[in-house]
Amino acid sequence: MGKLDGRVVLITGAARGQGEQEARLFAAQGANVVIADVLDDEGGALAKELGEDVARYVHLDVSQEAEWAAAVAAATDAFGRIDGLVNNAGILRFNELVSTPLEEFQQIVQVNQVGVFLGIKTVAPEIEAAGGGTIVNTASYAGLTGMTFVGAYAATKHAIVGLTRVAALELAPKGIRVNAVCPGAVDTAMSNPDGADPGALDDLYRTLVPLGRVGRPEEVARLALFLTGEESSYITGQPFVIDGGWLAGVSIL
């Protein structure tokens with residue numbers, strides 16, 4: 001038996017990176033997964049690989065409310081209901097705060113922060129109708145501390161932690177648990193767009209991260225699985241840091 005047998009989970013940003021690994025792991029654990037993304041070729045190929053009886057791909061720009069409604073309709077048409085959501089989609093831009101154009105700041109807010117808000121707003125009623133379930137939001141290490149050159153990104157990730165706590169309070173009576181994963185440095189196309197070798201990334205983070213390496217997307221997927229499954233049944237409203245010890249502090253040795 002899988003840990004998610006009988007569950008239907010919509011995962012945004014699921015065509016690659018952490019979302020892809022979450023889709024693969026959730027499917028392996030018995031869930032039907034709705035792979036939502038703007039990367040149609042990659043998302044469609046992943047759904048085809050997992051199989052039509054297990055997965056569906058839906059095009060979803062998380063910043064657009066109408067596209068959320070269409071994605072939910074496609075998911076319920078395919079699998080009858082939704083009882084889990086992973087708000088994983090996000091974008092990252094590097095820029096000094098005072099040099100960040102307003103348009104860039106607003107774009108990051110629209111995808112990262114508004115996207116999570118719209119996901120909760122649109123999908124929570126479906127989860128309630130299904131008898132309850134879970135929402136997992138992807139925040140960040142940078143949602144709990146500061147980091148230079150990612151001001152807009154950090155602002156949105158702090159906001160996601162706040163949205164997670166409020167949603168947990170409001171949705172608990174409806175049988176919905178809401179938590180957040182807060183990854184540190186993870187080897188994905190977003191944080192490693194040039195496709196550097198993981199060994200080179202490990203060298204980069206060796207002095208920053210106590211565990212001495214960059215994180216792997218499948219490690220974040222396992223945390224999302226825990227927060228989606230029954231093993232976390234008494235946990236809600238919490239940010240879970242998965243960063244190799246980075247947030248713990250700085251070693252002088």
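**Salt bridges, one aromatic pair and a helix crossing**

Let's start with one arginine: R24 is partly exposed, at 26% relative accessibility. Keep in mind that this is a predicted model.

What does R24 pair with? R24 makes a salt bridge with E20, and the closest N and O atoms sit 3.0 Å apart. Both residues belong to helix 1, residues 17–28. They are 4 residues apart there, so about one helical turn separates them.

R24 has another partner. That is E49, with the closest N and O atoms 2.7 Å apart. E49 lies in helix 2, residues 40–50, while R24 lies in helix 1, so this pair ties together parts that are 25 residues apart in sequence. E49 itself is exposed: its relative accessibility is 53%, and the cut-off for exposed is over 50%. R24, at 26%, is partly exposed.

A general word on why such pairs turn up: side chains of opposite charge can pair when their charged atoms come close.

How many salt bridges are there in the whole structure? The search finds 8.

Here is one that spans the chain. K174 and E128 meet through their side chains in a salt bridge, 3.9 Å from N to O. The cut-off is 4 Å, so this pair falls within it. K174 is in the loop between helix 5 (151–171) and strand 6 (176–183). E128 is in helix 4, residues 102–129. The two are 46 residues apart, and the pair links distant parts of the chain. Buried or exposed? K174 is partly exposed, with a relative accessible area of 38%. E128 is also partly exposed, and its relative accessible area is 38%.

There is a network too. R7, R81 and D83 are joined into one network by salt bridges that share partners.

Now the aromatics. The structure holds 1 aromatic pair. Y141 and W246 form it, and the pair is stacked, at 4.3 Å centre to centre with 15 degrees between the planes. Why stacked? The planes are 15 degrees apart, and planes under 30 degrees apart count as stacked.

Where do these two residues sit? Y141 is in the loop between strand 5 (133–138) and helix 5. W246 is in the segment after strand 7 (239–242). They are 105 residues apart, so again distant parts of the chain are linked.

Both Y141 and W246 are buried. For Y141 the relative accessibility is 10%, and buried means under 20%. Leave aside the neighbours within four places in sequence, and Y141 is in contact with M147, C182, P183, G184, D243, W246 and L247. So W246, the stacking partner, is on that contact list.

For a sense of scale, take Y141 and R7. They are 134 residues apart in sequence and 29 Å apart in space, C-alpha to C-alpha.

Last topic: helix packing. Two packed helices are described by the angle between their axes and the distance between the axes. Helix 1, the home of R24, packs against helix 7, residues 217–228. The angle is about 55 degrees, and the axes are 8 Å apart. The two helices are therefore oblique to each other. In which hand does helix 1 pass helix 7? The crossing is right-handed.

Which residues make the contact? From helix 1 they are G17, Q18, Q21, E22, L25 and F26. From helix 7 they are P217, E218, V220, A221, R222, A224, L225 and T228.

That's the tour.

Technical notes
Residues are numbered from 1 along each chain as its sequence is written. This is a predicted model: local features need pLDDT of at least 70, side-chain atom pairs count only at pLDDT 80 or more; totals for chains, interfaces and linings use all residues. Side-chain values use heavy atoms; hydrogens and water are left out. Buried means under 20% relative accessible area, exposed over 50%, partly exposed in between (1.4 Å probe, protein chains only). Rings of Phe, Tyr and Trp (its six-membered ring) pair if their centres lie within 6.5 Å; planes under 30 degrees apart count as stacked, over 60 as edge-to-face and the rest as tilted. Axes are lines fitted to C-alpha atoms, for helices over the stretch in contact, and angles run from 0 to 180 degrees between N-to-C directions. Angles under 35 degrees count as roughly parallel, over 145 as roughly antiparallel, 65 to 115 as roughly perpendicular and the rest as oblique. A crossing is left-handed if the near helix is turned anticlockwise from the far one by less than a right angle, and right-handed if clockwise. Contact means heavy atoms within 4.5 Å.
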